[in-house]
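Work through the exercises below with the sequence and the model open. Each task is followed by a solution in steps.

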Amino acid sequence: MRVLLTGAAGFIGSHIRRAALAAGHQVVAADLMLAAAHGAGAVAPPGIVRVDVRDPDALTGLLQGVDAVCHQAAVVGAGVSAQDAPAYASHNDLGTAVLLAAMDRARCRHLVLASSMVVYGEGRYVDSAGDPVDPAPRTRADLGEGRFDHRGPDGRPLTWAPIDEDAPLRPRSLYAASKVAQEHYAIAWAAATGGTVTALRYHNVYGPEMPRDTPYSGVAAIFRSALEAGEAPRVFEDGTQARDFVHVRDIAAANVAALEQPLDAFTPLNIASGTPIAIGDVAAILATACGGKQPVVTGEYRSGDVRHIVASPERARRALGFAAAVTPTAGLAEFATAPLRPAAGAGAPTWR
């Protein structure tokens, strides 16, 4: 196929580009090279054109003869400040809307959209009897006293359960709100055009060429940066919060599978390893693998963090035949000494 890949110079996009080329596809690669992601004055790598997906005229030429679009371009992160809201809305939501309109004009009818686990907000929980419970957000008072777990009516801690794609969408950050909006624009576009959209809800992605420690980095890169500086990784809360860490090579493989196998009008899929791991264990694996200082569990917390969120990967397995090949234990040990991006992002994202 001939594929337009947006965000092609990014951490995930660069891996998808290599995987798609290796699978025999033609890739039209584009990236805006935002300073917040690539550093001040960054230039597009060879073979990648510098394009803003909010520019409809630029997209018209790129979409000629394109069979499918793999849309990775986005401002990422949890939303460090309320002042980041315009950047998320502009790049993620307006950018997606402009791209969808351009796809309609080009009669390109298949989109693979980079979504995220953040659309769910909290994960799924059950009480001591195994019954589903929808907990209220944790309070600052409880967090300040070290009461990190959600609790049921009987006062006992709730247990996490795998979350599937039918769970309600409850964004709790600016970034999450923008990802939900992207999905909603894509749903409406599919209904209006007869197109197909596969929304890949990535869980915690890590791997070679991940950006270094910035306020918008993933926690694995933040731990790595601390270890490289000779410091102990600092683990928030009690370190037992559960997540699913998925290797970027598996993310790339899932995108290629989704490009090659259009599904229904709109199909969201969790892209995850299927092997839950505690945040404290992530830090410990990285520290041991690189011979660094063991992590320190601080008891500190960040407002808006969720306690547990673990994915069910079953729908992606059934729909795409996708199953992660890299376990978190092996992948994180490899990541402990893998190369990171040489240039960190510069400053907060801008929207103009």
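**Exercise 1.** Find which elements cover the buried residues of α7, and explain why this helix counts as largely enclosed.

Solution. This is a predicted model.
- Step 1: The cover over the buried residues of α7 includes the strands β10 (204-206), β11 (234-235) and β13 (245-247), together with the helices α9 (279-290) and α11 (328-335).
- Step 2: The buried residues of α7 are Ala 220, Ala 221, Phe 223, Arg 224, Ser 225, Ala 226 and Leu 227.
- Step 3: Helix α7 spans residues 219-228, and seven of its ten residues are buried, so the rest of the structure largely encloses it.
- Step 4: Just after α7, Gly 230 has a positive phi of about 80 degrees.

**Exercise 2.** Describe how α9 and α11, two of the elements that cover α7, pack against each other.

Solution.
- Step 1: The angle between α9 and α11 is about 50 degrees, and their axes lie 8 Å apart.
- Step 2: Angles from 65 to 115 degrees count as roughly perpendicular and those under 35 as roughly parallel, so α9 is oblique to α11.
- Step 3: The crossing of α9 and α11 is right-handed.
- Step 4: On the α9 side the contact uses Val 282, Ile 285, Leu 286 and Ala 289, and on the α11 side Thr 329, Leu 332, Ala 333 and Phe 335.
- Step 5: Sorted by type, the residues of this contact are seven nonpolar, one polar and no charged.

**Exercise 3.** Do the analysis for α1 and α8: at what angle do they pack, and which residues meet?

Solution.
- Step 1: Helix α1 (residues 11-22) packs on α8 at an angle of about 55 degrees, with the axes 8 Å apart.
- Step 2: The two helices, α1 and α8, are therefore oblique to each other, and their crossing is right-handed.
- Step 3: From α1, Phe 11, Ile 12, His 15, Ile 16, Ala 19 and Ala 20 meet Val 248, Ile 251, Ala 252, Asn 255 and Val 256 of α8.
- Step 4: The contact of α1 with α8 contains nine nonpolar residues, two polar and no charged.

**Exercise 4.** Which residues of the largest nonpolar core touch the most other members?

Solution.
- Step 1: The largest nonpolar core has 54 residues, and Tyr 202 and Ile 271 touch the most other members.
- Step 2: Helix α8 (residues 248-260) gives the largest share of this core, eight residues.
- Step 3: Another core, of 23 residues, lies apart from the largest one and includes Val 51, Leu 63, Val 66 and Leu 99.
- Step 4: Leaving out residues up to four places away in sequence, Ile 271 touches Leu 200, Arg 201, Tyr 202, His 203, Val 246, Ile 251, Ala 254, Ala 316 and Phe 322.

**Exercise 5.** Arg 107 and Glu 237 each have a positive phi without being glycine. Is each one buried or exposed?

Solution.
- Step 1: Most residues other than glycine have a negative phi.
- Step 2: Arg 107, with a phi of about 60 degrees, is in the loop between α4 (85-106) and β5 (110-116).
- Step 3: The relative accessibility of Arg 107 is 59%, so Arg 107 is exposed.
- Step 4: Glu 237, with a phi of about 55 degrees, is in the loop between β11 and β12 (242-243).
- Step 5: The relative accessibility of Glu 237 is 2%, so Glu 237 is buried.

Technical notes. Residues numbered from 1 in each chain as written. Predicted model: local features only at pLDDT ≥ 70, side-chain atom pairs only at ≥ 80, totals over all residues. Heavy atoms only, no water. Buried < 20%, exposed > 50% of the residue type's maximum accessible area, 1.4 Å probe, protein only. Helix = DSSP H or I, 4+ residues; strand = E, 2+ residues; numbered from the N terminus. Contact = heavy atoms within 4.5 Å. Core = buried A, V, L, I, M, F, W, Y, C linked by side-chain atoms within 4.5 Å. Axes fitted to C-alpha atoms, helices over the stretch in contact; angles between N-to-C directions. Parallel < 35°, antiparallel > 145°, perpendicular 65-115°, else oblique. Left-handed = near helix turned anticlockwise from the far one by under 90°. Nonpolar A, V, L, I, M, F, W, Y, C, P; charged D, E, K, R; others polar.
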